[in-house]
Amino acid sequence: MHGNDAGFFIVPVLAIFLILRRGFRQSRVRPGGLFIYPLIICLLIAASFVHRPVPTPQVMVVLAAAALCGVALGWITTAHLQLSVDPKSGTILSKPTPIGTAITAAVFALRFAVDYMMRADAGGAHAHNPLLLAVANAGLMFVAGRLIGRAVHLWIRTRPLLAEVKAEK
């Protein structure tokens, strides 16, 4: 480890902490706030891209395809998510799936491990392997797409539940 490694690990540790913290607890669904977590994750992903060269057009196509696949998976898995309404408070509750949490955390860990291996000062054998970085970035784009697809579908699914709660009051 080098002297500047501590700063390098702040973003990955923060990202994985947020992912795990949110992924293992039931939470209140706030339709107005559904896009906050995906926005935070997208900002963390953008932060991981800052000091990298602009990808080639072929890699950009792969990144876009990964994001679209993520949107599709997020949409499909949200269709199977059980939502409940607390009868006392009228609050909509949801719990993320363990597999979704594990995928998100694993892809972030992979991306940051690849980034660390590719650092010039790390002296690793993969210091300039663009394919390795493209695969890791595609994983991040997949995760971002999955979170966005989930948020959009959850927002759509909560509308009727909110209408029911309001009608009962």
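## Exercises on helix H3 and its surroundings

Cysteine 42 counts as partly exposed because its relative accessibility is 25%, where buried means under 20% relative accessible area, exposed over 50% and partly exposed in between (1.4 Å probe, protein chains only). The model is predicted: local features need pLDDT of at least 70, side-chain atom pairs count only at pLDDT 80 or more, and totals for chains, interfaces and linings use all residues. Residues are numbered from 1 along each chain as its sequence is written, and side-chain values use heavy atoms, with hydrogens and water left out.

**Exercise 1.** State how many disulfides the whole structure holds, and classify cysteine 69.

*Solution.*
- Step 1. A disulfide is a pair of cysteine sulfur atoms within 2.5 Å; the search of the whole structure returns zero.
- Step 2. Cysteine 69 has a relative accessible area of 46%, so it is partly exposed.

**Exercise 2.** Compare the end-to-end distance of H3 with its expected span.

*Solution.*
- Step 1. H3 covers residues 36-49; helices (H or I, at least four residues) and strands (E, at least two) are DSSP runs, numbered from the N terminus.
- Step 2. The expected span is 1.5 Å times one less than the number of residues.
- Step 3. For the 14 residues of H3 this gives 20 Å, and the end C-alpha atoms are 20 Å apart, which agrees.

**Exercise 3.** Which residues of H3 are buried, and how are they arranged around the axis?

*Solution.*
- Step 1. The buried residues are Tyr37, Pro38, Ile41, Leu44, Ile45 and Ser48.
- Step 2. Because they cover an arc of only 125 degrees (taken over the directions from the helix axis to the C-beta atoms), they lie on the same side of H3.
- Step 3. An α-helix has 3.6 residues a turn, so residues three or four places apart point the same way.
- Step 4. Exposed residues Ile36, Leu39 and Leu43 sit on the face turned away from the buried side.

**Exercise 4.** Describe the burial and contacts of serine 48.

*Solution.*
- Step 1. Its relative accessibility is 7%, so serine 48 counts as buried.
- Step 2. Leaving out residues up to four places away in sequence, serine 48 touches Arg111, Phe112 and Leu140, a contact being heavy atoms within 4.5 Å.

**Exercise 5.** Give the fold pattern of the protein chain and its buried share.

*Solution.*
- Step 1. The chain has six helices and three strands, in the order α-α-β-α-α-β-β-α-α.
- Step 2. Of its 169 residues, 36% count as buried.
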